[in-house]
Amino acid sequence: MSLPRSVAAHRDAVVELLSGPAANTATEQFPLLEALGKVLAVDLHAPLSLPPFANSQMDGFAVNSADIPDDGAKLRVAAPVPAGAAPEPLKPGFAAPIMTGAMIPEGADAVVPIERALPSTFPNPEAEDVDVLLPATTPGTYVRHIGSDIGEGDLALPAGTFLGPAQLGLLAALGLTSAEVRKPMRVLLVTTGDEVLEPGQSLTPGKIYDSNGTLLEASMRQSGLDVVRTGISDDDPARLRAVLNRHVASEDGQHRVDLIVTTGGVSKGAYEVVRQAMAGQHVDFLPVAMQPGGPQGIGRFEGVPFLGFPGNPVSCLVSYEMFLRPALSQIHGVPAPRPVQRARLVEPLHSPEGKHQVRRGTVLPDGSVRMEGGAGSHLVHALARSNALVHIPSDVTELAEGSEVEVWML
Ligand SMILES: Nc1nc2c(c(=O)[nH]1)N[C@H]1C(S)=C(S)[C@@H](COP(=O)(O)OP(=O)(O)OC[C@H]3O[C@@H](n4cnc5c(N)ncnc54)[C@H](O)[C@@H]3O)O[C@H]1N2
Ligand code: MOO
């Protein structure tokens, strides 16, 4: 039996597997919301400045600060400036009621908030010859200057940026309706097992529902991947091979998927469908010194990169988080790596010798971490309560309460 491979060595192998000539350099234009979770293909320069005009940060009075000496001044109230209006220039000695977001009139250089005015309420807009007493202010106070967020022509987002809510919000603020994105990497995801049923079917003795498909497709979609599902494969290797062949069949020399991920059928049972289906392919099945997620398959099926994750749901999630997700981050810059923190254990822990253990836990507001469930890789409920992966290095077998561990925030 081969010696277990270290977690780092297996991650390197996954990086190498996926680092070949870029499978897909094509780009596509997507409407903004459909670009969510995808990667910007080009450097994007701002077509306009933000803010596009100087505007008020407060409800108050737009003034020329030079009109108000240190001990304040009474100014004549000008026509009000609501948000959305293009105001008249401000005359000397006047103060214009102005609302948050409204354009600063020419001739004004500061805003005095309404709370600091006397009286501290806006006059009736119909009333004529009304005065207001205002304190001194300095140029620029409560003014949001044109281009103070980004200037027209400046780099708004570099190529390679992951488009999340904030980035799409920026594109919308710039008036854009679509984005040119990298055609996402396409993954064929196949869950396997005679015992596994689609959720929604009626559960008969000995069967369980497929959680791996949903868990991994959700993980992959969050990382911006395009996921193709085949339905659950039973334990017949010939049928699984046929399914894989159908999906990798070349079109004009182009593979239809960039990566195959399977779950289950990789360990030492009598019916290991994935192992059997890969006979004759350049695929290794090997133990990685990690728990859960020990048994792993890696290689190429008909030339297409292949990863075989073990069948237990938590093993699948941990395999994804420990190998595929970091490899994508390293190669493509997206998704962003999981935030890494240190946290204090609220309880003592044991860990098997020679294996990097990845437990699931909840990082609490005081910086400590509570384990959710035990080490078992079938504990999906405990996983669903967790917000972090808790790492216990392979050379550590005992940790006392209060010990510091590395956690990855999910
Ligand atoms: N004699 C040994 N037995 C096992 C070993 C070992 O080293 N020697 N390793 C154990 C470990 S660790 C793992 S992990 C599993 C890996 O097994 P497989 O990848 O072959 O997966 P299966 O046997 O098909 O399934 C394992 C487990 O997961 C459940 N499962 C499978 N698919 C799904 C799915 N889509 N959704 C939800 N649950 C699923 C399946 O019913 C099994 O309970 O092997 C151990 N055994
Ligand atoms: O490695 Mo298995 O994934 O512990 O259950």
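Helices H1 and H6 are oblique to each other, and this pair offers a convenient way into the structure, which is a predicted model. H1 covers residues 7–18, and its axis comes within 9 Å of that of H6, the two crossing at roughly 55°. That angle counts as oblique because it is neither under 35 degrees, as a roughly parallel pair would require, nor within the range of 65 to 115 that is called roughly perpendicular. The crossing by which H1 passes H6 is right-handed. On the H1 side, the residues that take part are Val7, His10, Arg11, Val14, Val15 and Leu18. They meet a set in H6 made up of Met322, Phe323, Leu324, Pro326, Ala327, Gln330 and Ile331. Sorted by class, this contact of H1 with H6 has 10 nonpolar, two polar and one charged residues.

H6 also packs against another helix. H3, formed by residues 212–222, lies with its axis 9 Å from that of H6, which spans residues 313–332, and the angle between them is about 15°. H3 is therefore roughly parallel to H6. The crossing of these two helices, H3 and H6, is right-handed. Here Asn212, Leu215, Leu216 and Ser219 of H3 meet Pro313, Cys316, Leu317 and Tyr320 of H6. Six nonpolar and two polar residues make up the contact of H3 with H6, with no charged residue among them.

The helices H3 and H6 lead on to the first of the ligands. Each of them supplies at least two residues of the shell around ligand 1. There are 26 residues around this ligand, and those that come nearest are Asn212, Gly264, Ser267, Pro310 and Gly311. Asn212 thus appears both here and in the contact of H3 with H6. By class, the shell of ligand 1 comprises seven nonpolar, 15 polar and four charged residues.

Ligand 2 has surroundings of its own, consisting of Gln291, Pro292, Gly293, Gly294, Pro310, Asn312, Ser315 and Ser377. These residues divide into two nonpolar and six polar, with no charged residue in the shell around ligand 2. Pro310 is listed around ligand 2 and is also one of the residues that come nearest to ligand 1.

On a broader scale, the chain is divided into four parts. Domain 1 is built from residues 7–24 together with 184–332, and domain 2 from 26–48 together with 159–183. Domain 3 runs over 55–144, and domain 4 over 340–409. The centres of domain 1 and domain 3, taken over C-alpha atoms, are separated by 64 Å.

Some details of the backbone complete the tour. Most residues other than glycine have a negative phi, and most peptide bonds are trans. The peptide bond from Leu50 to Pro51, however, is cis, with omega near -10°. Pro51 is situated in the loop between strand E2 (44–45) and strand E3 (55–56). Another cis peptide bond leads from Val334 to Pro335, where omega is near -5°. Pro335 belongs to the loop between H6 and strand E21 (340–345). Asp129 is not a glycine, yet its phi is positive, at about 50°. This residue, Asp129, is found in the loop that lies between strand E7 (110–113) and strand E8 (131–134).

Note on methods:
Residues are numbered from 1 along each chain as its sequence is written. Chains are lettered from A and ligands numbered from 1 in the order in which they are written. This is a predicted model: local features need pLDDT of at least 70, side-chain atom pairs count only at pLDDT 80 or more; totals for chains, interfaces and linings use all residues. Domain bounds come from an automatic or database domain assignment. Axes are lines fitted to C-alpha atoms, for helices over the stretch in contact, and angles run from 0 to 180 degrees between N-to-C directions. Helices (H or I, at least four residues) and strands (E, at least two) are DSSP runs, numbered from the N terminus. Angles under 35 degrees count as roughly parallel, over 145 as roughly antiparallel, 65 to 115 as roughly perpendicular and the rest as oblique. A crossing is left-handed if the near helix is turned anticlockwise from the far one by less than a right angle, and right-handed if clockwise. Two residues are in contact if their C-beta atoms, placed from the backbone, lie within 7 Å. Ala, Val, Leu, Ile, Met, Phe, Trp, Tyr, Cys and Pro count as nonpolar, Asp, Glu, Lys and Arg as charged, and the others, Gly among them, as polar. A residue is near a molecule or strand if its C-beta atom, placed from the backbone, lies within 6 Å of it.
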